[in-house]
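Please open the model in a viewer and keep the selection panel at hand. The tour proceeds by successive selections.

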Amino acid sequence: MTLSTGTSLNFFGDHVFAWSGQQALTAGAITLLDFISPNRFYSVVTNVSIDYSGCTVGDALSWSISGNGEPLHVSKFLITVAGIGPQFPNLYYTIPPNTSIQVQAAGPRGAATVVLEGKEVQ
C-alpha cells in the first residue's frame, strides 16, 4: 500500500486529506503542510504527532498552524523527562475558501507527523 505524502492537499470527491510523512525536527522551523485551499469551505480535523525519541530534559519543541500567515494554534513545550512529551488532541476547524494553511514544527531532536482530513461543507 502507498500513501500520498507531502505538504499539499489531496482531493477525493468531496473529501480532502494531507499527510506530511514523518519529518525530522531541527532547531529551525520545518514545514509539515503548506497549501492554499480551493474556492470552497472544508470542515477538517488535524492531528499532530511527535516522536520524542532522543529528546532530552530541557529540549524545547513547538508546532503551529497558521491561516493566511496568522497563527491559529501554537503549542510550545519543554521536555521534563527524557524521551517523553505531550500527546495532542485532534483539532477541528473550518478552512475558508482560498486560505493559505501552513503547519510547522521545531525542536533540536525528534520527529513530527501531521495528518489533515476533512470534507467539503455544502
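The stops below concern a predicted model and pass from its core to individual strands and residues.

**The nonpolar core.** Begin by selecting I50, Y52, L61, W63, F77 and L116. Within the largest nonpolar core, which has 29 residues, these six touch the most other members. Next, colour the elements that each give two or more residues to this core: β2 (15-19), β4 (30-36), β5 (42-51), β6 (60-67), β8 (91-95), β9 (100-106) and β10 (111-120).

**Strand β6.** Now isolate residues 60-67, which form β6. Because six of its eight residues are buried, β6 is largely enclosed by the rest of the structure. Add residues 70-78, strand β7: β6 and β7 run antiparallel and are joined by eight bridges. One pairing to display is S66 with P71 of β7. The two strands form a hairpin with two residues between them, and N68 in the turn has a positive phi of about 50 degrees. Then show β9, which is also antiparallel to β6 and is joined to β6 by six bridges.

**Residue W63.** Which residue of β9 is the bridge partner of W63? The partner is A105. Leaving aside residues up to four places away in sequence, the contacts of W63 are V48, I50, H73, V74, S75, F77, F88, L91, Q104 and A105.

**Residue T113.** Finally, move to strand β10 and select T113. Is T113 buried or exposed? Its relative accessibility is 16%, so T113 counts as buried. With residues up to four places away in sequence again excluded, T113 touches W19, S20, G21, Q22, N47, V48 and S49.

Notes. Residues numbered from 1 in each chain as written. Predicted model: local features only at pLDDT ≥ 70, side-chain atom pairs only at ≥ 80, totals over all residues. Heavy atoms only, no water. Core = buried A, V, L, I, M, F, W, Y, C linked by side-chain atoms within 4.5 Å. Buried < 20%, exposed > 50% of the residue type's maximum accessible area, 1.4 Å probe, protein only. Helix = DSSP H or I, 4+ residues; strand = E, 2+ residues; numbered from the N terminus. Contact = heavy atoms within 4.5 Å. Pairing = 2+ DSSP bridges.
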